[in-house]
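Hi,

Here is the structure I promised to pass on. Have a look at it first, and my notes follow underneath.

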Amino acid sequence: MSDYKKLRGRPKIKKVKTVSENQLKIFWTEVEGAEKYAVLRRDEPDGEFVRIKWKKKLSFTDTVEPDKTYWYKISAFKRLEGKKSSTK
């Protein structure tokens with residue numbers, strides 16, 4: 001993702017919906033100028049956040065283990081000037 005830069009604005013998670021026993025759907029707010037969002041997750045309270053998905057939409061369905069706690073955060077990115085769009 002070297003063709004993208006992280007934006008200062010941070011999306012806020014609006015809602016987390018249980019889709020099934022092992023799926024959660026996460027919804028977040030739009031950041032002005034964002035072209036992609038990185039979904040990050042950790043599964044330990046003091047663990048490191050790891051990027052699990054790039055999304056253009058404002059939601060993501062994650063497959064999880066039942067009865068396990070997860071923490072999420074979303075980061076917004078914009079393409080650098082003069083760079084072609086990625087196919088990811």
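To start with, which residue in S3 is the bridge partner of Lys 17? In S3, Lys 17 has Lys 25 as its bridge partner.

Before the rest, some housekeeping. This is a predicted model, where local features need pLDDT of at least 70 and side-chain atom pairs count only at pLDDT 80 or more, while totals for chains, interfaces and linings use all residues. Residues are numbered from 1 along each chain as its sequence is written, and side-chain values use heavy atoms, with hydrogens and water left out.

Now the sheet. Three strands (DSSP runs of E, at least two residues, numbered from the N terminus) make an open sheet in the order S2-S3-S6, with antiparallel pairing. Pairing here requires that DSSP finds at least two bridges between two strands. The edges are S2 (13-20) and S6 (59-63), each of which pairs on one side only. On average, neighbouring strands are turned by 20° against each other, direction ignored; the axes are lines fitted to C-alpha atoms, with angles from 0 to 180 degrees between N-to-C directions.

S2 and S3 form a hairpin with two residues between them, and six bridges join S2 to S3 (residues 23-28). Ser 20 stands opposite Gln 23 there. On the other side, S3 and S6 pair over five bridges, again antiparallel, with Phe 27 opposite Ser 59.

S3 has side chains that alternate: Leu 24, Ile 26 and Trp 28 point to one face and are buried, whereas Gln 23, Lys 25 and Phe 27 point to the other and are not. Buried means under 20% relative accessible area, exposed over 50%, and partly exposed in between (1.4 Å probe, protein chains only). Why does Ser 59 count as buried? Because its relative accessibility is 15%. Ser 59 also touches Lys 25, Ile 26, Phe 27 and Trp 28 (heavy atoms within 4.5 Å), leaving aside residues up to four places away in sequence.

Finally, the cores. A nonpolar core is a set of buried Ala, Val, Leu, Ile, Met, Phe, Trp, Tyr and Cys residues joined through side-chain atoms within 4.5 Å. The largest has 14 residues, and those with the most contacts inside it include Trp 28, Tyr 37 and Tyr 72. S3, S4 (36-42) and S7 (71-79) are the elements that give two or more residues to this core. Apart from it lies another core of five residues, among them Trp 54 and Phe 77.

Cheers

Terms used
Helices (H or I, at least four residues) and strands (E, at least two) are DSSP runs, numbered from the N terminus.
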